[in-house]
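This report covers the overall make-up of a single protein and then its salt bridges.

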Amino acid sequence: MNHPSGFPLSRRSLIRAGAGASFAALGLGIGAQTASASVATTKRFDLTQPSHDLFRSKDTHGARVQQSFAFDWANKFLFVATKRSGSTEADGDLCINKMDFDGNYISYMHLNGFGHGVAFAALPDGSGTELWIECAANTKGFGTALAPIPYTANTTLGSPAASAAYQPIAGAAEYTCSVDPVHQRMIVRYHTGDGKRIAVYPLSAFQTRNFGTPLVDFKQPAIPGTPQGYALYGSYMYYLTGDAYPEPGTPVGDGNTYITSVDINTGTVKQGPVLTKAGSTLHHREPEGLAVYRTDAGESRLFLGFATGLEGDRRSSIFYKNVLV
């Protein structure tokens with residue numbers, strides 16, 4: 001059985017869902033205010049605490065910088081989105097790299113015309129993984145819808161049209177998403193004429209394709225710096241900003257990579273921006289991506305990624321924070 005959009009429902013969704021409906025039919029309009037429901041208050045990551053290495057300077061399939069990453073928490077794989085070699089920024093061509101938790105490259109999947117790759121989710125689907133990722137890139141290379149894509153090793157897939165995918169908010173122009181596997185929720189960042197907004201859904205909404213009203217919906221607060229990724233943990237959103245530094249032959253400084261936490265019940269900044277010096281000795285240290293994961297021992301971690309290494313041989317480096325307050 002296939003979803004009307006042409007995307008197959010996952011095995012889990014076949015059990016739980018009837019015919020799915022589009023986000024546009026079920027979501028909020030552009031002018032929506034904070035949803036009447038709220039998310040129970042949780043602990044948050046203390047951004048002032050030290051960061052720890054997951055791995056440094058690991059090879060990916062292509063030579064260009066990573067954009068973001070996501071964990072399949074059940075099957076224990078990491079997926080790193082990089083820019084496609086030979087493509088322009090406006091093309092929206094991505095390479096999804098499947099890796100183990102030590103950063104060892106396993107396989108790739110090419111996604112042509114999908115988007116910029118600021119954030120995406122990797123949902124366990126039996127022994128496989130379903131990627132929820134932006135698609136139908138516009139002329140600036142940003143996705144205009146969201147699509148569930150079964151990860152298929154060593155293949156190339158062209159993007160569906162936006163009308164054949166999911167558009168969470170009626171009238172919005174761009175979409176990305178990220179998953180909180182600990183609290184089983186999905187966060188969607190979307191663009192409107194009034195700027196960026198944030199909506200949070202139960203994860204089951206994505207698994208069944210029955211979305212309903214988001215738990216919260218708010219205008220993203222003004223946060224300075226170049227946006228480089230975001231993630232959700234409980235009742236807090238985490239937002240990464242910064243630029244690449246330094247290039248070979250230039251002094252190593254502190255850079256301008258900052259992390260900010262936002263209370264999703266109020267839409268206001270809770271902590272930060274806080275400067276992070278994770279991987280401070282790496283060259284071409286460009287912040288790229290945030291994700292959340294909980295270890296088998298029960299430790300919740302906020303992971304932050306960097307594109308590192310020489311031009312033409314960019315590498316992936318990932319660190320994490322693990323102190324909750």
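## Fold and salt bridges

Of the 325 residues in the protein, 57% are buried (under 20% relative accessible area; exposed is over 50%, partly exposed in between; 1.4 Å probe, protein chains only). This is a predicted model, in which local features need pLDDT of at least 70 and side-chain atom pairs pLDDT 80 or more, while totals for chains, interfaces and linings use all residues. Residues are numbered from 1 along each chain as its sequence is written, and side-chain values use heavy atoms, without hydrogens and water.

Three helices and 20 strands are present (DSSP runs numbered from the N terminus: H or I of at least four residues, E of at least two).

The whole structure holds 12 salt bridges (a side-chain nitrogen of Lys or Arg within 4 Å of a carboxyl oxygen of Asp or Glu). The table gives some of them.

| Pair | N to O distance |
|---|---|
| E89 and K83 | 3.4 Å |
| E130 and R209 | 3.0 Å |
| K219 and D194 | 3.5 Å |

E130 sits in strand β7 (residues 128-137) and R209 in the loop between α3 (203-208) and β13 (216-219), so their salt bridge ties together parts 79 residues apart in sequence. Both E130 and R209 are buried.

K219 belongs to strand β13 and D194 to the loop between β11 (185-192) and β12 (195-202), so this pair links parts 25 residues apart in sequence. K219 is partly exposed, at 40% relative accessibility. Elsewhere, D59, D313 and R315 are joined into one network by salt bridges that share partners.

In the remaining pair, K83 is buried at 2% relative accessibility, whereas E89 is partly exposed at 40%.
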